[in-house]
Amino acid sequence: MADFELISQALQKGKADEVKELVSKALEEGNDPKEVLEESLIAGMGIIGAKFKRNEVYIPEVLIAARAMHAGMSILEPLLVAAGVKMAGKLAIGTVKGDLHDIGKNLVGMMFKGAGFNIIDLGVDVPAEKFVAAADEGADLIGLSALLTTTMTSMKGVIEALKEKGFASRVIIGGAPVTKEYADEIEAHGYAADAASAVDLGKTLLGA
Ligand code: B1M
């Protein structure tokens, strides 16, 4: 079996130490860091994402796979940065103002990281100005998460603030009370029901 396949399988099983060892071994054998990233870590997270979408695995499995991916990334990241490898895009994600729920937001961020995106995690209770500042710093995608019917309404303000400043960043929204209809109403660029769909949507919006 190719080493990449072994890394992908270890990642899917959430075996962080094994992922680290296998990634180091693949590099020692002279494999290109970008190829290791794409063929093993991103491929493995892609499989987990697709299974999550089909309800074949659940949140805990995704979280341990993401932890294993972070372990592999800790070895690859300095090499990728040094080589000036271009990431798939830059996502700034946060839970909107007044809202402290972050489990779904973190899951979405992890999935994007698994798909080769740079992530700026703005945290929770994030005011519109912070999303605007992230767009100003070059985020291609702005991700807004809300879990409360009372806070999802502030998504509209973020989109208006971004438009007012003329930023080209694409805005995607999600969270339990959010719907596609609401996304259309406030003129977000897209809505995703779950973390894996958010990545698919983000890639489509950026043509990645
Ligand atoms: Co809160 N809470 N909570 N809570 N909480 C809910 C959301 C609620 C539905 C529970 C209920 O009443 N049945 C309800 C909201 C009702 C409503 O407005 N419709 C509620 C309430 C009322 C509250 C408080 C007001 C309670 C109180 O204090 N009286 C309070 C508000 C605090 C605040 O935010 N200001 C509160 C507090 C809390 C805790 C702090 C205790 C805790 C949060 C801990 C944390 O996040 N660190 C908490 C929790 C855990 C929940 C429930 C139980 C679980 C939420 C969760 O993490 N789900 C929730 C009930 C429920 O949903 N069953 C509830 C798992 C997570 C993976 O799913 O976040 O939906 P979710 O993310 C999904 C998708 O939505 C999507 O992808 C993820 C999966 O792939 N997604 C995106 C999410 N963000 C996305 C962004 C995208 C795309 C997709 O693009 C950018």
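Two strands are taken to pair if DSSP finds at least two bridges between them. The exercises below apply to a predicted model.

**Exercise 1. Determine how strand E1 is paired and how the chain proceeds from E1 to E2.**

*Solution.*
Step 1. Six bridges connect E1 with strand E2, residues 118–126, and the two strands run parallel. The pairing criterion asks for at least two bridges.
Step 2. Individual partners fix the register: Gly94 has Gly123 of E2 as its bridge partner, and Leu91 lies opposite Ile119 in E2.
Step 3. Between E1 and E2 the chain passes through helix H5, residues 103–114, and this β-α-β crossover is right-handed.
Step 4. E1 also pairs with strand E3, residues 141–145, in the parallel sense, through five bridges. Here Ala92 faces Ile142 of E3.
Step 5. Strand E1 itself, residues 90–96, is mostly covered, with six of its seven residues buried.

**Exercise 2. Classify Ser145 as buried or exposed, and list its contacts.**

*Solution.*
Step 1. Ser145 belongs to strand E3.
Step 2. The cut-off for a buried residue is under 20% relative accessible area. Ser145 has a relative accessibility of 7% and therefore counts as buried.
Step 3. With residues up to four places away in sequence set aside, Ser145 touches Gly94, Thr95, Val96, Lys105, Met155 and Gly174.

**Exercise 3. Identify the protein donor to the cobalt atom of the ligand and place it in the fold.**

*Solution.*
Step 1. The protein supplies a single donor to the cobalt atom, NE2 of His101, at 2.2 Å.
Step 2. His101 is located in the loop between E1 and H5.

**Exercise 4. Test whether the length of helix H2 agrees with its number of residues, and describe its two faces.**

*Solution.*
Step 1. H2 comprises residues 16–28, that is, 13 residues; at 1.5 Å a residue the helix should span 18 Å. The C-alpha atoms at its ends are 18 Å apart, so the expectation is met.
Step 2. The buried residues of the helix are Ala16, Val19, Leu22, Val23, Ala26 and Leu27. Viewed down the axis of H2, these fall within an arc of 140°, and therefore line one face of the helix.
Step 3. Asp17, Glu21 and Glu28 are exposed and occupy the face turned away from the buried side.
Step 4. The packing partners of the buried residues are helix H1 (3–12), helix H3 (33–53) and helix H4 (59–82).
Step 5. After H2 comes Gly30, which has a positive phi, near 95°.

**Exercise 5. Describe the surroundings of Val23 and its separation from Leu201.**

*Solution.*
Step 1. Val23 lies in helix H2.
Step 2. Its relative accessible area is 0%, so Val23 is buried.
Step 3. Apart from neighbours within four places in sequence, Val23 is in contact with Ile7, Val36, Leu41, Gly72, Ile75 and Leu76.
Step 4. Leu201 is 178 residues from Val23 along the chain, and the C-alpha atoms of the two residues are separated by 29 Å.

Methods
Residues are numbered from 1 along each chain as its sequence is written. This is a predicted model: local features need pLDDT of at least 70, side-chain atom pairs count only at pLDDT 80 or more; totals for chains, interfaces and linings use all residues. Side-chain values use heavy atoms; hydrogens and water are left out. Buried means under 20% relative accessible area, exposed over 50%, partly exposed in between (1.4 Å probe, protein chains only). Helices (H or I, at least four residues) and strands (E, at least two) are DSSP runs, numbered from the N terminus. A crossover is right-handed if, with the strands pointing away from the viewer, the path from the first strand over the helix to the second runs clockwise. The expected span of a helix is 1.5 Å times one less than its number of residues. The arc is that of the directions from the helix axis to the C-beta atoms. Contact means heavy atoms within 4.5 Å. Donors are N, O and S atoms within 2.8 Å of the metal (3.2 Å for Na, K and Ca); water is not among the atoms, so sites may look incomplete.
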